[in-house]
Amino acid sequence: MSVSGLIASPSRCCLRLPDCNQGLVCRQVPSTPIASKPKAKFGKLHLERSRLTVSFRRWQMQKTHLIKCAMDASYGDMASESGGAAMFPRINVRDPYKRLGISREASEDEIQAARNFLISKYGGHKPSVDAIEAAHDKIIMQKFYERKNPKIDIKKKVREVKQSRVVQAVTSRFQTPATKFIVKTSIAFIVLGVLTVLFPTEEGPTLQVAISLIATFYFIHDRLKSKIRTLLYGAGAFIFSWFLGTFLMVSVIPPIPILKGPRSFEVLTSLITYVLLWVSSTYLK
């Protein structure tokens, strides 16, 4: 009969245990002790059991050693493939621009220079080279697609306009005054605009336009404290504002049905002039 790896007979039993040299071996021991020498037989059986335990432990240690050697050999092959070279630290970064360490506005020369630099530094590590080449190819293909299908970048255009010399020269002539002064000039020109709309005359808003010119001189002098600059800025702002308002009404702005009457053109031109005079009297440096 067989019980869990133990083969027994009426007189002897066979215990299958691992051996370091021969694998599984059968150790035969008597199934019943000899009646004439029970103590000696039990001592021999205990000694046999100890020997088998030692053999089993040696077999386990030998098996563990073989597995460890196989793992070391496998890792050694992987290390030999890379040649012990340094690995690219951004090898797992998905964004190709961040992987190469460049901005999205980088030129093709900058992209190529970044690729050549990284290849020269991590060229001994094949996975790093593959990651660098993949990022480079993806960026080049994206640049090619953008050239083939151009798209207007509004933010870039606005930035270019702000950085132009003409715009910088114009904006440098303006400054932001105190909030109290802004409120005072705003109220004055709003009142003039309301009077112009509510009380148009047959001759046009001549009186309101004259008052707006006087208000412009007053506010510029109050802020700059210079009579010459007040005269130049006030007269220039008034002439420029009136001509620009007339041009906009004739060429750009369509007729507004809310304002009706024989002098609706002069009223709208006056309103545009008030806005430009308010900017001049409030923000001119």
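**Figure 1. The whole chain, element by element.** Helices here are DSSP runs of at least four residues, and strands are runs of at least two. Counted that way, this predicted model has 10 helices and four strands. Start at the N terminus and you meet β-β-β-β, followed by α-α-α-α-α-α-α-α-α-α. Of the 285 residues, 26% are buried. The accessible surface adds up to about 20,600 Å², and carbon and sulfur atoms hold 64% of that. Looking at contacts with a separation of 6 or more, 57% come from residues 24 or more positions apart.

**Figure 2. A nonpolar patch on the surface.** Here's a group of nonpolar residues at the surface: Val183, Ile187, Ile190, Val191, Val194, Leu195, Val197, Leu198 and Phe199. Together they offer about 800 Å² of accessible area. Val194, one of this group, sits in helix α7, which covers residues 179-198. Its relative accessibility is 41%, so Val194 counts as partly exposed.

**Figure 3. Phe88 meets Tyr122.** The chain has five aromatic pairs. In this one, the ring centres of Phe88 and Tyr122 are 5.3 Å apart and the planes stand at 55°, so the pair is tilted. Phe88 belongs to the loop between α1 (38-82) and α2 (96-100), while Tyr122 is in helix α3 (residues 108-122), so the pair ties together parts 34 residues apart in sequence. Both Phe88 and Tyr122 are buried.

**Figure 4. Trp278 and Tyr283, edge-to-face.** This aromatic pair has 5.7 Å from centre to centre and 85° between the planes. Trp278 is partly exposed, at 21% relative accessible area.

**Figure 5. A cluster of rings.** Phe181, Phe189, Tyr218 and Phe219 are linked into a cluster by ring pairs.

Key: Residues numbered from 1 in each chain as written. Predicted model: local features only at pLDDT ≥ 70, side-chain atom pairs only at ≥ 80, totals over all residues. Heavy atoms only, no water. Patch = residues over 30% accessible without salt bridge, like charges linked within 9 Å, V, L, I, M, F, W, Y side chains within 5 Å. Areas by Shrake-Rupley, 256 points an atom, 1.4 Å probe, with all protein chains shown as cover. Salt bridge = Lys/Arg side-chain N within 4 Å of Asp/Glu carboxyl O. Buried < 20%, exposed > 50% of the residue type's maximum accessible area, 1.4 Å probe, protein only. Contact = heavy atoms within 4.5 Å. Phe/Tyr/Trp six-rings, centres within 6.5 Å; stacked < 30°, edge-to-face > 60°.
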